[in-house]
Amino acid sequence: MHQPQLSFKQLSQRPKLPVFLSGVLIRSQIGFKLQFFLSFFKMGSSDRLFNRQRTVHEILGGGFGINSCLALVKTAADVILWRRKNLTVGILLVTLAVWLVFERSGYTLLSLVSSVFLLLIAILFSWAKSAAILNRPAPPLPELHLSEEMVNEVATFIRLRVNTLLSVSQDIALGKDSRLFFKVAAYLWLISFVGGLTDFLTLGYTSLVVILTVPALYESFEDHIDKYVILGYKNLHQLYVKLDEYVSRVQKWILVKKKLS
């Protein structure tokens, strides 16, 4: 069907597309950035961060059962939250010593592990031989054996976690959860950025220190941290509402001005 041609005057009076969409573009950019930031904090009627109902110890695995695999997870939660202070301090000191050895001596991971195992085997071998000659007891070694039940529990635990990860990855790849995609992208970018500032060994040691300190500090000052974070979230939400109203007014003003011109 033939469309009537518009004159030059009529074309000049038509609103230009960039100006017409400028209010929408500004509003969408500001709204997307604030909504993306606020989406990390799922707030509801609860007075807890992320609207959670469980304690930090339960979230880290302290609420699991008592079988061997889940008991290991519970032990990890106890270590992270300093419920077993001697073990936590020991892990920090050992990792600090390993980090200093790697940084100062020039050892690689493979050479250090091989040297440690060589020294350990040589000590145990000499101890066992001297004990047999001098009629002394052998080195008190525990029974080195993995039961079938423990292997099955570990395999089931790993399988469930891997399947969950694969399911989430599939949802992200197929575009089913945009919010989760932006969260994962932000975390990966942050890891890439931090990894570019330091080497892998220092990053691993720093991450371990953070894991063994931040959750324990948060649990100790949980009420105060939740209070101020939720207050900050509410202020940001109010700021977003005000900016949305302001940009909406600017958009309407632009539309009215273009109609009158």
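Let me begin where two helices meet: in this predicted model, Leu 217, Tyr 218, Glu 219 and Ser 220 of helix H10 are in contact with Glu 222, Ile 225 and Asp 226 of helix H11. If we sort the residues of that contact by character, they come to 3 nonpolar, 1 polar and 3 charged. As for the geometry, H10 covers residues 200–220 and H11 covers residues 222–260, and the two pack at an angle of about 90 degrees with their axes 5 Å apart. That angle lies within the range of 65 to 115 degrees, and so H10 is described as roughly perpendicular to H11.

Stepping back to the chain as a whole, its secondary structure consists of 11 helices and 0 strands. Of its 261 residues, 16% count as buried, and, among the contacts with a separation of 6 or more, 61% are accounted for by residues 24 or more positions apart.

Next, I would like to spend a moment on helix H6, which runs over residues 85–105. Its 21 residues reach 29 Å from the first C-alpha to the last, close to the 30 Å expected at 1.5 Å a residue. Which residues of H6 are buried? They are Thr 88, Leu 92 and Phe 102, and, seen down the axis of the helix, they fall within an arc of 100 degrees, so they line one face of H6. As a general reminder, an α-helix has 3.6 residues a turn, and therefore residues three or four places apart point the same way. On the face of H6 turned away from the buried side we find the exposed residues Asn 86, Leu 93, Val 94 and Arg 104. Just after this helix, Gly 106 takes a positive phi of about 80 degrees.

That brings me to backbone angles, where the general expectation is that most residues other than glycine have a negative phi. Trp 82, which is found in the loop between helix H5 (68–80) and H6, has a phi near 60 degrees, a positive value in a residue other than glycine. Asn 135, in the loop between helix H7 (109–133) and helix H8 (148–173), likewise has a positive phi, in its case near 55 degrees.

How exposed are these two residues? Trp 82 has a relative accessibility of 27% and therefore counts as partly exposed, whereas Asn 135, at 71% relative accessibility, counts as exposed.

Key:
Residues are numbered from 1 along each chain as its sequence is written. This is a predicted model: local features need pLDDT of at least 70, side-chain atom pairs count only at pLDDT 80 or more; totals for chains, interfaces and linings use all residues. Side-chain values use heavy atoms; hydrogens and water are left out. Helices (H or I, at least four residues) and strands (E, at least two) are DSSP runs, numbered from the N terminus. The expected span of a helix is 1.5 Å times one less than its number of residues. Buried means under 20% relative accessible area, exposed over 50%, partly exposed in between (1.4 Å probe, protein chains only). The arc is that of the directions from the helix axis to the C-beta atoms. Axes are lines fitted to C-alpha atoms, for helices over the stretch in contact, and angles run from 0 to 180 degrees between N-to-C directions. Angles under 35 degrees count as roughly parallel, over 145 as roughly antiparallel, 65 to 115 as roughly perpendicular and the rest as oblique. Contact means heavy atoms within 4.5 Å. Ala, Val, Leu, Ile, Met, Phe, Trp, Tyr, Cys and Pro count as nonpolar, Asp, Glu, Lys and Arg as charged, and the others, Gly among them, as polar.
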